Amino acid sequence: MSSDDIKVDEVDQTEEIEYDIDKIKILPGASEDGSSASFQILDEDHTLGNALRYIIMKNPEVEFCGYSIPHPSENKMNIRIQTYGNISAVEALHQGLDNLSELCGVVEEKFEQKLKEGGYSTEEP
């Protein structure tokens, strides 16, 4: 194996992440100190909304978090976050998204582990 082979393998393993900057926007009406704000997330629904609300509310710095789907025919979700002032609503959203992503990763790992272990039946009893 040459050093060129190693470099190619390293390049293949790096994953380029492309962010959609229009996915989340801050809605008008945020507090001046940043402790409360509403956000609009495009192309999301109750699946993300309820899980994200739950995770954000687990943060002891968050006073309130709620979400709504403005209209069933619109592919938008609004989420409102109010903190006690030690962190901003934007920070609470970032932490919530990170925590939810980590939680999903753990669930995925455990699921894959159980699949590899086998010992289950796909037939009905």
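How much accessible surface does the chain have, and what percentage of it belongs to carbon and sulfur atoms? The accessible surface comes to about 9,600 Å², of which 50% belongs to carbon and sulfur atoms, with areas taken from the Shrake-Rupley method with a 1.4 Å probe.

This is a predicted model, in which local features need pLDDT of at least 70 and side-chain atom pairs count only at pLDDT 80 or more, while totals for chains, interfaces and linings use all residues. Residues are numbered from 1 along each chain as its sequence is written, and side-chain values use heavy atoms, with hydrogens and water left out.

Begin with the whole chain, coloured by secondary structure: from the N terminus on, the elements run α-β-β-α-β-β-α, where helices (H or I, at least four residues) and strands (E, at least two) are DSSP runs numbered from the N terminus.

Next, select helix H2, residues 46-57, whose N-terminal end is capped by Asp-45, with a side-chain oxygen 3.0 Å from the backbone nitrogen of Thr-47. The buried residues of H2 (under 20% relative accessible area, 1.4 Å probe, protein chains only) are Leu-48, Gly-49, Leu-52, Ile-55 and Ile-56. They lie on the same side of H2 because they cover an arc of only 145 degrees around the axis, taken from the directions from the helix axis to the C-beta atoms.

Now add strand E2 (36-42), strand E3 (62-68), strand E4 (76-83) and helix H3 (89-117), against which the buried residues of H2 pack.

Finally, select Ile-81, which touches, with heavy atoms within 4.5 Å, residues including Phe-39, Ile-56, Phe-64 and Leu-93.

Definitions and conventions:
Buried < 20%, exposed > 50% of the residue type's maximum accessible area, 1.4 Å probe, protein only. Polar contact = N/O pair within 3.5 Å; in protein donor to acceptor, adjacent residues only side chain to side chain. Lists of a residue's contacts leave out its neighbours within four places in sequence.
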